[in-house]
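Reader: I would like to learn how to read the space around a bound molecule, and I would be glad of a careful walk through one example.

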Amino acid sequence: MFTSIAGRAVVVTGGTRGIGKGIASVFARNGARVLITGRDDEIGRTAADELPGEVTFLEADTALREDCRRMAAIAEERLGGVDVLCANAGIFPDSRLEDMSEEDLDAVLAVNLKGTILAVQACLPALRRSGRGRVILTSSITGPITGFPGWTAYGASKAGQLGFMRTAAIELASSGITVNAILPGNIATEGLASLGPEYAAGMTAAIPLRRLGSVDDIGYAALFFATDEAAYISGQTIVVDGGQVLPESPEAMAAAG
Ligand code: NAP
């Protein structure tokens with residue numbers, strides 16, 4: 001039995017839909033007090049109403065330092081601090097290298113990589129005060145382990161998060177803060193649905209467990225990193241992908257039956 005995380009102050013960037021909403025839901029169902037962020041006010045308010053437990057929404061763009069600072073200040077005001085920061089907000093536009101504009105590249109790096117760093121930086125004083133601060137990044141298998149045409153910038157941003165994590169874990173260790181990352185495979189979210197049914201079907205066929213992941217699958221991995229029992233784990237990754245990175249070839253999947 002893990003020690004309860006009830007009452008902990010949790011911030012989830014990009015918590016208004018998809019994986020972030022799933023993470024927020026798992027924490028709220030376990031008694032945490034949660035602040036979710038996103039850029040769309042209406043979707044965000046609706047999500048906070050739909051989620052169980054104590055969840056509020058703040059409109060904030062994680063790519064902007066001022067918004068991240070405001071997020072930390074609001075967490076202070078509403079939750080009394082930050083025990084857990086889930087830096088989850090991310091975008092994954094399809095852009096082949098030969099067509100990629102500088103704006104495309106900047107947008108992905110600004111949200112996924114710079115936004116991760118800005119969110120952590122803004123919450124640092126509160127995480128230090130917590131005495132058991134946890135930073136949990138949503139990275140991806142794409143970039144750190146695998147590749148997919150159209151996602152060079154995305155893959156770079158997701159691998160970049162891990163580079164950030166490893167040094168941040170060392171810098172923050174003396175404050176009792178751990179920094180870890182979840183590497184989701186293909187998770188059934190609104191964002192993934194926007195890639196089309198063929199993409200989802202192709203991915204499902206490549207997953208040994210023969211299903212897309214659920215947002216709860218990621219939420220529970222995040223919850224584990226937040227527990228007292230995970231206090232000695234820092235700078236590490238956990239792949240949550242139904243075994244997708246394991247088959248050496250399509251033949252390996254076929255042979256599995
Ligand atoms: P999603 O369904 O599109 O949801 C993305 C969330 O992030 C939304 O709440 C969105 O709200 C928010 N967001 C986007 N840009 C933001 C910004 N600049 N500032 C604040 N919030 C922002 O995506 P998802 O599939 O859940 O993906 C979430 C994370 O998981 C991403 O980091 C993604 O790279 C990672 N991931 C997903 C999968 C997958 O299969 N779904 C796999 C691997 C990794 P607004 O648009 O209103 O801002």
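**The ligand and its pocket**

Author: The ligand occupies the largest pocket, where a pocket is an open set of points, on a 1 Å grid over the protein atoms alone, with protein on both sides within 12 Å along at least five of seven lines, and a molecule sits in one if more than half of its atoms lie within 2 Å of its grid points. This is a predicted model, in which local features need pLDDT of at least 70 and side-chain atom pairs count only at pLDDT 80 or more, while totals for chains, interfaces and linings use all residues. Residues are numbered from 1 along each chain as its sequence is written, and side-chain values use heavy atoms, with hydrogens and water left out.

Reader: How many residues surround the ligand, and which are the closest?

Author: A residue is near a molecule if one of its heavy atoms lies within 4 Å of it. Here 31 residues surround the ligand, the closest being Thr16, Arg39, Tyr154, Ile187 and Thr189. By class, this shell has 10 nonpolar, 15 polar and six charged residues, where Ala, Val, Leu, Ile, Met, Phe, Trp, Tyr, Cys and Pro count as nonpolar, Asp, Glu, Lys and Arg as charged, and the others, Gly among them, as polar.

Reader: Which N or O atom of isoleucine 187 lies 2.7 Å from an oxygen atom of the ligand, backbone or side chain?

Author: A polar contact is a pair of N or O atoms within 3.5 Å. For isoleucine 187 the atom is a backbone one, 2.7 Å from a ligand oxygen, and glycine 185 also places a backbone N or O atom 3.3 Å from an oxygen of the ligand. In threonine 189, by contrast, an N or O atom of the side chain lies 2.7 Å from a ligand oxygen. Taken alone the ligand exposes 870 Å², of which the protein buries 95%, with areas from the Shrake-Rupley method and a 1.4 Å probe.

Reader: Which helices each supply at least two residues of the shell around the ligand?

Author: Helices are DSSP runs (H or I, at least four residues), numbered from the N terminus. Those helices are H1 (18-29), H5 (152-173) and H6 (190-193), and H6 gives the largest share, three residues.

Reader: How much space lies in the largest pocket?

Author: A volume is the space filled by probe spheres set on the grid points, which are joined across faces, edges and corners. The largest pocket holds about 920 Å³, and of its 45 lining residues the closest to its centre are Gly90, Ile91, Phe92, Tyr154 and Thr189.

How values were computed. A polar contact is a pair of N or O atoms within 3.5 Å; within protein, one must be able to donate a hydrogen and the other to accept it, and residues adjacent in sequence count only if both atoms are side-chain atoms. On a 1 Å grid over the protein atoms alone, a cavity is a set of points where a 1.4 Å probe fits but cannot get out, and a pocket is an open set with protein on both sides within 12 Å along at least five of seven lines; lining residues have an atom within 4 Å of a point.
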